[in-house]
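User: I should like to learn how to read the features of a protein model, beginning with pairs of charged side chains. Could you take me through them one at a time?

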Amino acid sequence: MKKIGQHIILILLLLTIPIVSSPDFDGTLSVFKVSPFQREFIRFVLVVIFFYINLNVFLPKFYSQKKYIIFILCLLICFGAMVFIPNYLTAENRIPSQHFPMQMPPPANPNGNIPPPPMSERFSQENFQHRANAPYSQMIFSSLLPFLFSFLSSLFIFKNIEKKELERSKAKAELLSLKYQLQPHFLFNILNSIYSLTLLKSDAAPNSILKLSNVMRYVVRESSKDFVPLSREIEYIKDYIALQLVRTDNSLDFSYTENGETKDLYIAPFILVNFIENAFKYGFNAEEDSKISVKIIIEGTILYYSVFNNIVNRNITDEESLKIGLKNTIEYLQQIYPGKHSLISHNNGKTFEVNLQINVSQV
């Protein structure tokens, strides 16, 4: 509705152009009684109508579909309408009496001759008569420039819209590709954790399998969605953390903090978990004191997300896959939250911390 209102205002403003620019305009609406103005005003209205028809019908349905013959025929019909309709609807030969009122002829001079009318009056009447009875060749020429302007401007706008749609489709395809690159990476690491539990015959194995089931269900159901409830994304993270914690011991100092209301907030799925995966890979080593902390704070629609870890594990066999996963997450953020997020990381060789801030959507 907002865009419709903007277009209505724009059309009304455009329609004032032929009025105020008309040589017959005297500050009143009497200009609408002048035949040449009527013709030009109708032509201007047809130009505006053609602009919208070309933009919304001819270009998308014929030009973009390569139906060029139909497209050219439509253009010729519209151009012909601009030339002939204004002349057909206006009274070509009628000169309004209110514009050139009847005047008494000037008195004769001493020689008995009636002097000619003043030059300004003759020019005004001759100009009006010429405009009122303009030949079709002139009508065609006067219609050509507005027609070309309307056509080229609508074509320019259509090309821009087409370009943006193509970029949007490409971005969506890239995001879907990034999702499918991330998901197997997560699942492989989770399965490794479960495998470790089964080797140890741990009592935590059944609960871990349940957590894995929750994670896989979330991946299958939410992978095709652009946005998911923030509460469900956080539950997914908790299940993932639980799976990672079962393979750690007392050497890991882990803390998790969550504050704020998630109701009616939505987020792009699989945005947050890769940073936690990265923290467990680099931040846990059974032979050293390890520390990992995760903080999630929500204030209004702003999500503050922080992950900190000591760097105690430098012998990582799948470091390249970790880099790919982190790189994809950063690209994912740039694609889905352009100008709506900030990501700051600190790495001094001993500790690593990432701070992410996102303006999440609200329903």
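Analyst: Let us begin with one charged residue. Arg232 has a relative accessibility of 35% and therefore counts as partly exposed. Please keep in mind throughout that this is a predicted model.

User: With which residue does Arg232 form a salt bridge, and how far apart are the closest N and O atoms?

Analyst: The general idea is that side chains of opposite charge can pair when their charged atoms come close. Here the partner of Arg232 is Glu222, and the closest N and O atoms are 2.4 Å apart. Because Glu222 lies in helix 6 and Arg232 in helix 7, the pair ties together parts that are 10 residues apart in sequence. Glu222 is buried, with a relative accessible area of 1%. Glu222 and Arg232 also belong to one network with Lys225, joined by salt bridges that share partners.

User: How many salt bridges are there by this rule?

Analyst: The count comes to 6 salt bridges. One of them joins Asp239 and Lys211, whose closest N and O atoms are 3.3 Å apart. This pair links distant parts of the chain, with Asp239 in helix 7 and Lys211 in helix 6 (residues 205–222), 28 residues apart. Asp239 is buried at 11% relative accessible area, whereas Lys211 is partly exposed at 22%; the cut-off for buried is under 20%.

User: Which parts does the salt bridge between Lys238 and Glu258 tie together?

Analyst: The side chains of Lys238 and Glu258 meet at 3.2 Å, N to O. Lys238 lies in helix 7 and Glu258 in strand 2, so this salt bridge ties together parts that are 20 residues apart in sequence. Lys238 is partly exposed, with a relative accessible area of 31%, and Glu258 is partly exposed at 30%.

User: That brings us to the sheet. In what order do its strands lie?

Analyst: Strands of a sheet pair through backbone hydrogen bonds, either parallel or antiparallel. In this structure, 5 strands form an open sheet in the order 2-4-5-7-6, with mixed pairing. The edges are strand 2 (252–259) and strand 6 (341–347), each of which pairs on one side only. On average, neighbouring strands of this sheet are turned by 5° against each other, direction ignored.

User: Which strands pair in the parallel sense, and which in the antiparallel sense?

Analyst: One parallel pair is strand 2 with strand 4 (residues 290–299), over 8 bridges; Phe254 stands opposite Ile292 in strand 4. An antiparallel pair is strand 6 with strand 7, over 7 bridges. His341 has Ile358 in strand 7 as its bridge partner. Strand 6 and strand 7 form a hairpin with 3 residues between them, and Gly349 in the turn has a positive phi of about 90°.

User: Where does helix 8 lie with respect to the strands, and why is it described as largely enclosed?

Analyst: Helix 8 lies across strand 2, strand 4, strand 5, strand 6 and strand 7 (351–359), and runs at about 10° to strand 5. Since 11 of the 11 residues of helix 8 (residues 273–283) are buried, this helix is largely enclosed by the rest of the structure. The buried residues include Glu277 and Lys281, along with Phe275, Ile276 and Phe280.

User: Gly349 had a positive phi. Which residues other than glycine have a positive value?

Analyst: Most residues other than glycine have a negative phi, and most peptide bonds are trans. Asp264 is one residue with a positive phi, near 65°; it is found in the loop between strand 2 and strand 3 (265–267). Asp264 is partly exposed, at 39% relative accessibility. Phe270 also has a positive phi, of about 65°, and is found in the loop between strand 3 and helix 8. Phe270 is buried, with a relative accessible area of 0%.

User: Which residues form a nonpolar patch on the surface?

Analyst: Tyr68, Ile69, Ile72, Leu73 and Leu76 form the patch, with about 530 Å² of accessible area together. Leu76 lies in helix 3 (residues 68–89) and counts as exposed because its relative accessibility is 53%.

User: How should I read the chain as a whole?

Analyst: The protein chain has 9 helices and 8 strands, and buried residues make up 37% of its 363 residues. The chain exposes about 21,700 Å², of which carbon and sulfur atoms supply 62%.

Methods: Residues numbered from 1 in each chain as written. Predicted model: local features only at pLDDT ≥ 70, side-chain atom pairs only at ≥ 80, totals over all residues. Heavy atoms only, no water. Patch = residues over 30% accessible without salt bridge, like charges linked within 9 Å, V, L, I, M, F, W, Y side chains within 5 Å. Areas by Shrake-Rupley, 256 points an atom, 1.4 Å probe, with all protein chains shown as cover. Salt bridge = Lys/Arg side-chain N within 4 Å of Asp/Glu carboxyl O. Helix = DSSP H or I, 4+ residues; strand = E, 2+ residues; numbered from the N terminus. Buried < 20%, exposed > 50% of the residue type's maximum accessible area, 1.4 Å probe, protein only. Pairing = 2+ DSSP bridges. Axes fitted to C-alpha atoms, helices over the stretch in contact; angles between N-to-C directions. Contact = heavy atoms within 4.5 Å.
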